[in-house]
Amino acid sequence: MAKKSAVERNRKRARLVARHAAKRARLKAIARDRSLSIEDRFQATLQLGAMPRNGAATRLRNRCEISGRPRGFYRKFKLSRIALRELGSAGQVPGLVKSSW
């Protein structure tokens, strides 16, 4: 089980990303638009830099929904390899067949 503080920190970041996503996308579009004046683009870049760093989607960490484990993560299932193996062995993941020999 991962530290609760790390899991909660990641959840807080996810809320910030959702809250600031529209404004961040709008400012990025302005900053990349070559048809606008350099002053407008620079102003958008400054505003983007003034936004909270934890509001950026790249600061999110994929974590297992059950254990919070950050490594060995399967995006399709949103589970770590360990949790996926346990649930697969119990037959609780539809379409998953655990092979063993």
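Arg-81 sits in helix α3, which covers residues 81–89; helices here are DSSP runs of H or I with at least four residues, strands are runs of E with at least two, and both are numbered from the N terminus. This is a predicted model, in which local features need pLDDT of at least 70 and side-chain atom pairs count only at pLDDT 80 or more, while totals for chains, interfaces and linings use all residues. Residues are numbered from 1 along each chain as its sequence is written, and side-chain values use heavy atoms, with hydrogens and water left out.

Arg-81 comes out as partly exposed, at a relative accessible area of 45% (buried is under 20%, exposed is over 50%, and partly exposed is in between, with a 1.4 Å probe and protein chains only). Setting aside neighbours within four places in sequence, Arg-81 is in contact with Arg-69, Gly-72 and Tyr-74, where contact means heavy atoms within 4.5 Å. From Arg-81 to Ser-99 the C-alpha atoms are 14 Å apart, with the two positions 18 residues apart in sequence numbering.

Past α3, the chain runs into a segment that holds Leu-96. Leu-96 is also partly exposed, with a relative accessible area of 29%. Not counting residues up to four places away in sequence, Leu-96 touches Leu-84 and Gly-88. Ala-56 is another matter: Leu-96 and Ala-56 are 40 residues apart in sequence and 34 Å apart in space, C-alpha to C-alpha.

Cys-64 belongs to the loop between α2 and β1. With a relative accessible area of 5%, Cys-64 is buried. Its contacts, leaving aside neighbours within four places in sequence, are Arg-69, Phe-73, Lys-78, Leu-79, Ser-80 and Ala-83. Cys-64 and Lys-4 are 60 residues apart in sequence, yet their C-alpha atoms are 13 Å apart in space.

One of those Cys-64 contacts, Lys-78, lies in the loop between β1 (73–74) and β2 (79–80). Its phi is near 60 degrees, a positive value in a residue other than glycine. Lys-78 is partly exposed, and its relative accessible area is 48%.

At the other end of the chain, helix α1 (residues 4–32) bends by about 55 degrees at His-20; the bend is the angle between axes fitted to the seven residues ending there and the seven starting there. His-20 is also among the buried residues of α1, as are Val-7, Leu-16, Val-17 and Leu-27. Polar and charged names turn up in that buried set too, including Asn-10, Arg-13 and Arg-24. Part of the cover over these buried residues comes from α2 (38–50).

Zooming out, the protein has three helices and two strands, in the order α-α-β-β-α along the sequence. The radius of gyration is 20 Å, whereas a compact globule of 101 residues would have one near 13 Å (taken over C-alpha atoms, with the globule rule being 2.2 Å times the number of residues to the power 0.38). Along the principal axes, the C-alpha atoms fill a box of roughly 65 × 30 × 20 Å. Buried residues make up 27% of the 101 residues. Of the contacts with a separation of 6 or more, 38% are between residues 24 or more positions apart.
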